[in-house]
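Thanks for coming. I will walk through one structure this morning, starting from a single residue and working outwards.

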Amino acid sequence: SLVTAGRIDREELCAQSATCLLNFKVLVEDRVKLYGVEVEVVDINDNAPKFEAENLFVKISEIAAPGARYPLPEAVDPDVGINSLQSYQLSPNRHFSLHLQTGDDGTINPELVLERTLDREEEPTHHLVLTAYDGGNPRRSSTALIQVTVLDTNDNAPVFDQPVYRVKVLENVAPGTLLLTVRASDPDEGANGKVTYKFRKINEKHSLLFHLHENTGEMTVAKNLDYEECSLYEMEIQAEDGGGLKGRTKVVVMVEDVNDNRPEVTITSLFSPVREDAPPGTVILLFNAHDQDSGKNGQVVCSIQENPSFKLENSVDDYYRLLTAQILDREKASEYNITVTATDRGTPSMSTEVHITLYVADINDNPPAFSQTSYSVYLPENNPRGTSIFSVSAHDPDDEENAKVTYSLVENTIQGAPLSSYVSINSDTGVLYALQSFDYEQFQNLQMQVKASDNGHPPLSSNVSLSVFLLDQNDNAPKILYPSLPTDGSTGVELAPRSAEAGYLVTKVVAVDKDSGQNAWLSYRLLKASEPGLFTVGLRSGEIRTARALLERDALKQSLVVAVQDHGQPPLSATITLTVAVADSIPDILADLGSINTPADPDSDITLYLVVAVAVVSCVFLLFVLVLLALRLRRWHASHLLQDAMGGSTGVPTSHIVGVHGVQTFLQTYSQEFSLTPDSGKSHLIFPQPNYADTLISQESCGKSEPLCSSVEPKFPIDDTPLVPVSSGLFFSLLSMIILS
C-alpha cells in the first residue's frame with residue numbers, strides 16, 4: 001500500500017508544468033527486487049489568481065487619443081489547465097474598457113483601452129477595479145485597484161534596445177555579480193524623457209534572486225543560484241518615463257551546472273546483524289547513490305575498501321547492493337566497519353563516504369574448550385565434607401547463550417558406588433566439591449570426566465579427564481596383631497623357662513599400620529617392665545628377648561608394656577601389656593598361681609556363697625585329678641600306644657595361652673596337659689614344661705559355652721616331666737559335673 005507521507009502540493013513539486021509526474025522505485029526486500037512507480041499528481045483549484053500588487057498606478061496624458069492602450073500587470077495563478085487564470089474583468093467606467101490579448105505561450109495579457117478623451121482639469125484621477133478569474137470549480141478570483149492619473153502631454157514611450165535579453169551564468173557565481181544591463185531610450189525631454197526600470201512579470205521566489213537597478217538598468221545576482229533547483233529564469237522588465245509611458249522587454253537567464261554537489265548515498269535496506277553461516281552472495285546492504293548535478297557531474301561510481309569478505313554490485317540504475325563474498329566467522333570478527341565511497345565524474349570530482357557497521361550474529365559452532373587436556377589434583381585424605389577440591393574452566397568463543405558454559409560430571413562408578421556420591425560440581429563455576437571425607441586406605445585416587453556444555457541449539461560439549469590423587473595422612477594408629485589378647489578380657493601370658501639364656505626369644509610383637517609410607521613405618525620400644533633390664537624389644541622387629549640369663553631370684557610373673565609407634569606427623573602409637581611367666585615346672589606355676597591371675601574387678605558383685613562354692617568345687621576337682629594321675633602312673637609301662645605316639649616328638653612351642661569363660665584349661669603334656677583356674681573370667685592357668693625352645697603359640701580363648709580347650713597335638717619330649725593321660729570321656733563327664741555344680 002502506497003501512502004502519502006504528507007500533504008502534496010502540485011505547484012511546489014512541478015510549478016507550471018502541465019503534467020506533474022513523480023517517479024521513484026519500490027524495493028521488495030525479501031527478493032531484493034526493484035519496481036518503478038510513477039505517480040501523477042492531478043491539479044485541483046486550490047489557488048486563486050493573484051496580482052503582484054494590490055494597487056496599480058497608471059499615468060495617462062490628457063491629450064491621449066481614444067483607442068490608446070495601456071498594459072496592465074497580469075495576475076498569476078499557479079494552478080494549471082482550467083484551474084489557471086482564464087479571464088479579467090474591469091469595473092464599469094465611461095472613459096476606459098478592458099482588452100485581453102493572448103500571447104504565443106497562452107498567457108492572457110490585460111490592456112487598459114482609452115474610450116474617451118480625458119480632461120485633467122475636469123477629473124485628474126480615475127479609480128478602477130480589475131478582477132482576475134480562473135476556471136476552476138469553485139471559481140476563484142482576486143482584485144487589484146487601478147488608479148489612473150491624468151498627466152500633461154507626453155507623446156513618446158520608452159523603447160528597449162532588444163526585445164529579448166539572454167544571458168548564461170554559472171551557478172556558483174557570487175552574489176552581486178553583474179549579469180546584464182538593459183537599456184530603453186525616450187526622445188522626450190525633461191521628466192518625460194527620464195526612464196526608470198523595474199521587474200514587471202517575475203515569480204515571487206525568483207524576484208529574490210535578482211536585483212535590478214532602477215535608474216541604470218543593471219541586473220545583478222542577489223543570492224546564490226542553484227542549477228539543481230532551477231536552470232532557467234524568465235522575466236519581464238518594464239521601462240517607464242516621467243510622463244507615464246511604458247515599454248517592456250523579456251530577459252532569459254540560463255544557469256549552467258558546475259560540480260558543486262557531492263554524491264548522496266541513501267541506504268534503502270541494511271540487513272544487520274547477519275548470521276555468520278550466511279552463504280556467499282547474501283545481500284547485506286542495498287543503497288542508492290545519486291548526484292544532483294547533471295551530465296558527468298551527476299554520474300556516480302561507488303566502491304568499498306578492499307575486503308575479501310564482501311563485494312559490491314550495481315543492481316538497477318543507481319542502486320547498489322553489498323554482498324558477502326565468503327563465509328563469515330564471528331569468532332574472528334564480530335563486526336565489520338565498511339566504508340562505501342560514492343564518487344562523481346566531474347572535474348574536479350567530488351565524493352561522499354558512508355560508514356556502515358555490520359554486526360555478525362553468532363551461531364553455536366564452537367564447543368567449550370578446556371585450557372588443558374587433563375588435570376591432576378592432589379588432595380589430603382580426611383578432608384571435611386563440602387571441601388572445594390578444584391576448579392575447572394572452559395572457554396567458549398561463541399557469544400551470549402552459545403558461550404554460557406555449564407559443567408557436569410560424566411556418570412561413573414567407584415567401588416560399586418556412583419561417582420555422584422563422592423563428588424559434585426557447581427554447574428556454573430566449575431568448582432568441584434567433595435561430598436564425603438575420603439580415606440586413603442579405601443582408595444588412592446579418583447578418576448572422572450568433567451563435561452562442559454554450552455547453551456546453544458543444539459548444545460555442544462567437550463570432556464576433560466580429572467584425576468584426584470589422595471595424599472596419605474597419619475590417621476591410623478598401629479594395630480597389634482600378635483600377641484592377641486583373649487576376647488573374654490583376660491590377660492595373655494607368655495612363658496619363659498628359667499634356663500633361658502641372654503638373647504632368648506620370648507615372643508614377638510607383630511603390628512601393622514593401614515597408612516602408607518613414613519606413616520606406616522613402625523618402631524617398637526619397651527615402655528615399662530616390672531624388672532628393668534631383664535627384657536629387650538627389637539626397634540624394628542618387635543622381638544622380645546631376654547637381656548640376660550634368668551636367675552632363681554627373678555619373679556615368676558614379669559609384666560611388660562610394649563609401645564608400637566609410627567613415624568607420621570604427629571606420630572600415633574599403640575601399647576600392649578604382656579605377662580611373662582618365668583618357671584621350669586608346673587608346681588612352680590601352681591604355687592604362684594595367684595600372682596599370675598589378673599586382679600579381680602573391684603566392682604564385682606559376686607556373693608560370698610558363689611566364692612565358697614567355686615573354691616569347694618575347685619578343691620574337689622583338684623583332688624580327683626591327683627587321684628586319677630596316681631592311678632595312671634601305675635599303668636604307665638603298660639601303655640605302648642602312648643609311647644609310640646610320643647616317641648617321634650622332638651620340639652614344642654614355648655607356651656599355649658588359653659582363656660575359658662567358666663574354666664580355663666591349659667593342656668600340654670606327653671598326652672594331655674591341663675590348665676585350670678578357680679576364677680574363670682579373670683585368669684589363665686598354665687602348666688609349663690622346661691627346656692622350651694620356641695616362642696609360645698597363643699590360643700584363642702574358648703567360648704563361654706565350651707568348658708575346656710585342649711591341644712590337639714602333643715609335642716613335648718618323653719624325657720620331660722611325665723604326666724598320666726586322662727580318658728576323654730571321663731574328663732568331659734567330670735567337667736559337666738563341675739559346670740552343673
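I start with Ser 87, which is buried, at a relative accessible area of 19%. The cut-off for buried is under 20%, so a value of 19% puts Ser 87 in that class. Please keep in mind that this is a predicted model.

Where in the fold does Ser 87 sit? It belongs to strand β7, which covers residues 85–90. Which side chain does Ser 87 meet in a polar contact? The partner is Arg 139, and the contact is 3.4 Å. If we set aside neighbours within four places in sequence, Ser 87 is in contact with Leu 100, Ile 108, Thr 131, Ala 132, Tyr 133 and Arg 139.

Now the sheet around that residue. Strand β7 belongs to an open sheet of four strands, ordered β4-β11-β10-β7, and the pairing is mixed. β7 is an edge strand, and so is β4, residues 55–61; each of them pairs on one side only. On average, neighbouring strands in this sheet are turned by 25° against each other, ignoring direction. Inside the sheet, β10 pairs with β11, residues 141–151, in the antiparallel sense, and nine bridges hold that pairing. As one example, Leu 130 has Ala 144 in β11 as its bridge partner.

Let me step back to the whole chain. There are 741 residues, and 41% of them count as buried. The secondary structure comes to six helices and 50 strands. Taking contacts with a separation of 6 or more, 67% are between residues 24 or more positions apart.

Next, the nonpolar cores. How many residues make up the largest one? It has 29, and the members that touch the most others are Phe 370, Ile 389, Val 423, Phe 438 and Met 448. Several strands supply at least two residues each to this core: β30 (374–380), β33 (405–409), β36 (423–425), β37 (431–434), β38 (445–454) and β39 (461–471). Val 423 is worth a look on the screen. Again leaving out neighbours within four places, Val 423 is in contact with Ile 389, Leu 409, Tyr 433, Ala 434, Leu 435, Phe 438, Leu 446 and Met 448. Another core lies apart from this one and has 27 residues, including Val 169, Tyr 197, Phe 210 and Leu 212.

A second sheet, for those following along in the viewer. This one is open and has four strands in the order β21-β23-β26-β25, with antiparallel pairing. Its edge strands, each pairing on one side only, are β21 (264–270) and β25 (310–314). From one strand to the next the twist averages 25°. Between β23, residues 283–290, and β26, residues 319–324, there are five bridges, and the two strands run antiparallel. Asn 288 stands opposite Tyr 319 of β26.

Last topic, charges. How many salt bridges does the structure hold? The count is 17, and I will show three.

The first is between Glu 122 and Arg 94, at 3.9 Å from N to O. This pair links distant parts of the chain, 28 residues apart: Glu 122 is in the loop between β9 (108–114) and β10 (125–134), while Arg 94 is in the loop between β7 and β8 (96–102). Are these two side by side in their burial class? Take them in turn. Glu 122 has 57% relative accessibility, and the limit for exposed is over 50%, so Glu 122 counts as exposed. Arg 94 has a relative accessible area of 45%, which lies between the two limits of 20% and 50%, so Arg 94 is partly exposed.

The second is between Lys 311 and Glu 313, with the closest N and O atoms 4.0 Å apart. Lys 311 is partly exposed at 38% relative accessibility, and Glu 313 is partly exposed as well, at 29%.

The third is between Arg 10 and Glu 11, where the closest N and O atoms are 3.5 Å apart. Buried or exposed? Arg 10 is buried, and Glu 11 is buried too. Arg 10 and Glu 11 also join with Asp 43 in one network, through salt bridges that share partners.

That is the tour. I can put any of these residues back on the screen.

Notes:
Residues are numbered from 1 along each chain as its sequence is written. This is a predicted model: local features need pLDDT of at least 70, side-chain atom pairs count only at pLDDT 80 or more; totals for chains, interfaces and linings use all residues. Side-chain values use heavy atoms; hydrogens and water are left out. Buried means under 20% relative accessible area, exposed over 50%, partly exposed in between (1.4 Å probe, protein chains only). A polar contact is a pair of N or O atoms within 3.5 Å; within protein, one must be able to donate a hydrogen and the other to accept it, and residues adjacent in sequence count only if both atoms are side-chain atoms. Contact means heavy atoms within 4.5 Å. A nonpolar core is a set of buried Ala, Val, Leu, Ile, Met, Phe, Trp, Tyr and Cys residues joined through side-chain atoms within 4.5 Å. Two strands pair if DSSP finds at least two bridges between them. Axes are lines fitted to C-alpha atoms, for helices over the stretch in contact, and angles run from 0 to 180 degrees between N-to-C directions. A salt bridge is a side-chain nitrogen of Lys or Arg within 4 Å of a carboxyl oxygen of Asp or Glu.
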